[in-house]
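This briefing looks at how helices and strands are arranged in the structure shown below, beginning with a pair of helices and then moving to the sheet.

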Amino acid sequence: MTETEFKKLLWDSANKLRGAMSAAEYKFPVLGLVFLKYVSDIFDAQREVIHYRLSEPESDLYMPENMREEAFLVLSEDRDAYKQDNVFWIPQEARFSELLKQAANPNLGKLLDDGMAVIERENEKLRGVLYRDFARLPLEAGVLGDLMNIVARMKFDPKQDSSRDVFGEVYEYFLGNFALSEGQRAGQFYTPRSVVSVLVEILAPFSGRIYDPACGSGGMFVYSERFIEAHGGKKGQAAIYGQELSATTRKLACMNLAIRGIDYDMGKAHGDTFHNDQHPDLRADFVLANPPFNIKGWGADKLPKDPRWKYGVPPDGNANYAWLQHMLARLSADGRAGIVLANGSLTTNTSGEGDIRASMVKGDVVECMVSLPGQLFANTQIPACLWFLSKNKGAGKNGKQDRRGQILFIDARKLAILIPGSRKQKEFSEDEIRQIAQTYHNWRGTQWGENGYEDVPGFCKSSSLDEIEKHGFALTPGRYVGATDVEDDDEVFEEQMTKLTSELKELFSRGSELEQEVRTQLGRVGYDI
């Protein structure tokens, strides 16, 4: 199933629910049905795998032809034959195909809820995370059955879709197209796969502890595991730690990881990372995160002396520098972090943020900065960038090249192309992702590097801390790589408006003074106005 076909079916699903419930709620029942179809398709595919292994002479399960069918009847109902390949056991009454036969049943909602309960009961990793509110949906008779028939047209092949972030894609689609207000009000945006790929390819989280303090639907973890497997590693050699503010989104992340057989620690509950940190003692080898952008009123007044604020107390008007420092505090001695943030974080001097940034640069914890092109995100036009932080920039575990006292700047704004079938959203190609990542690995001299590093005018530059200080500790890559068309997007909207209104106020004040002077001079010659 192509991405275009997948999105067409999601569009049809949304249209079926339109008017019956709010746009922000579309994704939950659809996600529930997509999950059921996905695990059912993977389960059915495993039955075919079992059948093939029985007829393959090199397989441990090989059986002579006259015994094969009987053996298949036994093994196809043996849970271990599924569990060994990280496939969930789906009882017959809970399989999508069986429930689809009940599409016209007025009690379909209850049957689906019961089916989800059975799947949870039979698979411990899924307990408490599946959607079980179908019976409560305010839908007219037949609508839920029609929705099932739409989802039934989705076909999931483990050979093609096992490494795909299917549930993240559904989440992104509904958030981007039908629930914009929900996401933008919270400053939360699903991270496009090509942006996640850049983060993962640069950090190269091959083994160790991986942490995301604002994990959303778990996409960062999915792509980290894919990196490990693509480079010859095995599932499970990295430990996953995450936290999510929303209870429903946390369930989605658990579901997303569980279907891939990925073990995880999502803490005891959902919660605010700043005020209810689920992993206070964690020291992660890698942090990957796309935290909410530019969040105001995040409760800074309650944490004035928090030990995480090593480089300065972040303002309550914007949580960006709170996120950066929280992630630094959770890194191990050789740990590295990759974070997506709004471009305003690169140059802001509001409420002491410039001092915090300067302190971080002087502390030599900023390793690499990447500016991103516009139109990468489906549901926000806020310009974004990537921060890469490191606790150890010297020669050693993280690379052969000693890069203390230097920061690598990469300007990727001229890269990325429109996604096929889209008029507004872009993505990095595989070659572009490789180009960005290789530039970093060559600069750092890591095991993933291939050649020596050289500055490329207009694209990348290794700058000294002295040079950065001369630029007022601004971290906009375009200032260093030699770009001549640096867009005026360094500041967040609020900062630009504050500056503009201040200038306008000054002009109004001068205008009033000039008006009064004219009135005075005219009055002196007998022309009062």
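In this predicted model, helices α14 and α15 cross in a left-handed sense. The residues that make this contact are Tyr 321, Leu 324, Gln 325 and Leu 328 on the α14 side, and Glu 353, Ile 356, Arg 357 and Met 360 on the α15 side. Sorted by class, the contact of α14 with α15 has 5 nonpolar, 1 polar and 2 charged residues.

**Geometry of the helix pair**

- The axis of helix α14, which covers residues 320–329, comes within 11 Å of the axis of α15, and the two cross at roughly 30 degrees.
- Because angles under 35 degrees count as roughly parallel, α14 is described as roughly parallel to α15.

**The sheet**

- The model contains an open sheet of 9 strands with mixed pairing, in which the strands follow the order β3-β2-β1-β4-β5-β7-β6-β8-β11.
- The edges are occupied by β3 (264–265) and β11 (460–464), and each of these has a single partner strand, so one side of each is left without a neighbour in the sheet.
- Within the sheet, strand β4 (residues 284–289) and strand β5 (residues 331–342) run parallel and are joined by 5 bridges.
- In this pairing, Ala 289 stands opposite Ile 339 in β5.

**Helix against sheet**

- Helix α15 (residues 353–362) also packs on the sheet, where it touches β6 (366–371), β7 (384–390) and β8 (406–411).
- The direction of helix α15 makes about 45 degrees with that of β7.

Methods
Residues are numbered from 1 along each chain as its sequence is written. This is a predicted model: local features need pLDDT of at least 70, side-chain atom pairs count only at pLDDT 80 or more; totals for chains, interfaces and linings use all residues. Side-chain values use heavy atoms; hydrogens and water are left out. Two strands pair if DSSP finds at least two bridges between them. Helices (H or I, at least four residues) and strands (E, at least two) are DSSP runs, numbered from the N terminus. Contact means heavy atoms within 4.5 Å. Axes are lines fitted to C-alpha atoms, for helices over the stretch in contact, and angles run from 0 to 180 degrees between N-to-C directions. Angles under 35 degrees count as roughly parallel, over 145 as roughly antiparallel, 65 to 115 as roughly perpendicular and the rest as oblique. A crossing is left-handed if the near helix is turned anticlockwise from the far one by less than a right angle, and right-handed if clockwise. Ala, Val, Leu, Ile, Met, Phe, Trp, Tyr, Cys and Pro count as nonpolar, Asp, Glu, Lys and Arg as charged, and the others, Gly among them, as polar.
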